[in-house]
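Let's take a walk through this one together, starting with its empty spaces and ending with a few odd spots in the backbone. Keep the view open as you read.

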Amino acid sequence: MLMNEYGLTKNEISKKLNSLLSLDETFTSGKIIGSMCTEPDSYSKYIYSKFLEKNIGDPGLFKGTLLLEKQIIHQLGKLLFYPRCSGFVVSGGTEANIMSMWSARNYSNQKHPEVLIPSHSHHSFDKAADLLGIKLVKIPCLDGIVDCNSLEKRINQNTIMIVGVAGTTPLGLIDPIPELSDIARDNSILLHIDASFGGFIIPFLKDSNYDLPLYSFKFPGVTSISLDSHKMGSAPIPSSCILFRNKNLIRDIKINVGYLSGGNEPRPTLLGTSPGASIISLWTLLNFHGQLGYRKTAVRCMNNTNYLYNELLKIPNITIINKPTLNIVGFKINYNHRLIVKALRQKGWSISIFPTHIRFVSMPHINRKHVDNFLKDLKILIKNHSK
Ligand code: PLP
């Protein structure tokens, strides 16, 4: 389609946008039950829309935005027991994980670098390994979390880093971070925690007396952490954070850009021009809702998840893969699984499909009624297809 010679009217634009965007699914429908993203908080959307011109890719021009970023990193560092950490607001878990691998490679200066990752890890590590020429060694899992014995056996002189995940992509489980921390320390290698999903829920559930394994800088072997604010943080996309225990870890991935109009402020993030609005809206969210707001959201999501889990237990012909650790339940249907999943999709349920199961993620946009609607459709389909 060619661009028009003359612009369209606002009315025409509205019509065209409404027509095409009606094809998009919406979080408010309550039918997106497989995504790790959610409807952003309305106040943070408003704030985001007010600061679209801010470009943190030229940080010297936007010194106030830079200060807000420093405050975010300090607040998150405090939440994770290391307020002195360094860090950045980035575009997502993928950018954060690539930065963890990039910094590890340059810091270690190893000729044939290898990184050990659990087999359930997110594909952003595959992208990073391919881009950076790092060998990935995938470690088998037991009951959905990494097997530390197998992992330890794969460490050799080329190993530069281990990855542990807090909130695994398939099931929302948490790898044994204390054990991984000991292994990293004993072998003098780095340990990155990918808390892209769990980052903005685990600390708040722990503070609400949930018995959960923690992921944080409290464990001395942990050298970096990624946590996505556009997942359980309810921030407008794109928004994620990466924290480093030690400034030296990022020293060798900073590139001087002398020509920037704000002056040379080396920044080790992957993107050049990037939205300062992500920083300003995230700062707003953290300070507007406070820990109590995040705790309430976390507990509400867990209540809906546990409700779903208990209702699924009552349905015959279902195998549940995990008792929820976080707000994710994985399950499969014992007969006609594929057929029923296809029919669920046809009924408008946007569910995630994994080779072994389907995944329901009870994000903040999901309420009890949505869960009930899903269960109703699921029960009918199971009944119809078991005849
Ligand atoms: N890490 C984990 C554990 C994830 O589940 C995801 C996305 O689902 C990512 C990283 C990548 O995050 P993003 O899609 O924001 O790049």
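Which residues lie nearest the centre of the largest pocket? They are Glu69, Lys70, Ser86, Gly87 and Phe88, out of 17 that line the pocket. Before going further, a word on what you're looking at: this is a predicted model, where local features need pLDDT of at least 70 and side-chain atom pairs count only at pLDDT 80 or more, while totals for chains, interfaces and linings use all residues. Residues are numbered from 1 along each chain as its sequence is written, and side-chain values use heavy atoms, with hydrogens and water left out.

Back to the hollows. Rolling a probe the size of a water molecule over the atoms shows where empty space is left. Here that's done on a 1 Å grid over the protein atoms alone: a cavity is a set of points where a 1.4 Å probe fits but cannot get out, whereas a pocket is an open set with protein on both sides within 12 Å along at least five of seven lines, and lining residues have an atom within 4 Å of a point. Grid points are joined across faces, edges and corners, and a volume is the space filled by probe spheres set on the points.

By that reckoning, the largest pocket has a volume of about 340 Å³. Helix H3 (63–79) and strand E1 each supply at least two residues of its lining, and H3 gives the most, with five. (Helices are DSSP runs of H or I with at least four residues, strands are runs of E with at least two, and both are numbered from the N terminus.) The lining of the largest pocket divides into eight nonpolar, three polar and six charged residues. For these classes, Ala, Val, Leu, Ile, Met, Phe, Trp, Tyr, Cys and Pro count as nonpolar, Asp, Glu, Lys and Arg as charged, and the others, Gly among them, as polar.

The second largest pocket holds about 280 Å³ of space. Gly57, Val257, Leu260, Leu271 and Gly272 are the closest to its centre, among 19 lining residues. Its lining has ten nonpolar, six polar and three charged residues.

Now for the closed spaces. Searching the whole structure turns up two cavities of 30 Å³ or more. The largest cavity, with a volume of about 80 Å³, is lined by 13 residues, and Val89, Val90, Ser91, Ser274 and Pro275 lie nearest its centre. Strand E1 (86–90) and helix H10 (276–313) each supply at least two residues of that lining. The second largest cavity has a volume of about 40 Å³, and its lining includes Ser100, Ser103 and Ala104. Helix H4 (residues 93–108) gives the most to this lining, with three residues. By class, the lining of the second largest cavity has five nonpolar, four polar and no charged residues.

H4 turns up again at the ligand, where it gives the most to the surrounding shell, with three residues. The shell has 13 residues, and the closest are Thr94, Thr169, Asp194, His230 and Lys231; a residue counts as near if one of its heavy atoms lies within 4 Å of the molecule. One nonpolar, nine polar and three charged residues make up this shell.

Zoom in for the polar contacts, which are pairs of N or O atoms within 3.5 Å. A polar side-chain atom of Thr94 lies 2.6 Å from a ligand oxygen atom, and one of Lys231 lies 2.8 Å from a ligand oxygen atom. Ser196 has a polar side-chain atom 3.3 Å from a nitrogen atom of the ligand. The protein covers 83% of the 390 Å² of accessible area that the ligand has on its own, going by the Shrake-Rupley method with a 1.4 Å probe.

Last stop: the backbone. Most residues other than glycine have a negative phi, and most peptide bonds are trans. Where does this chain have a cis peptide bond? It joins Ile237 and Pro238, with omega about 0 degrees. Pro238 sits in the loop between strand E8 (224–227) and strand E9 (240–244). Asn209 has a positive phi of about 70 degrees although it is not a glycine, and Asn209 lies in the loop between helix H8 (202–207) and E8.

Terms used
A polar contact is a pair of N or O atoms within 3.5 Å; within protein, one must be able to donate a hydrogen and the other to accept it, and residues adjacent in sequence count only if both atoms are side-chain atoms.
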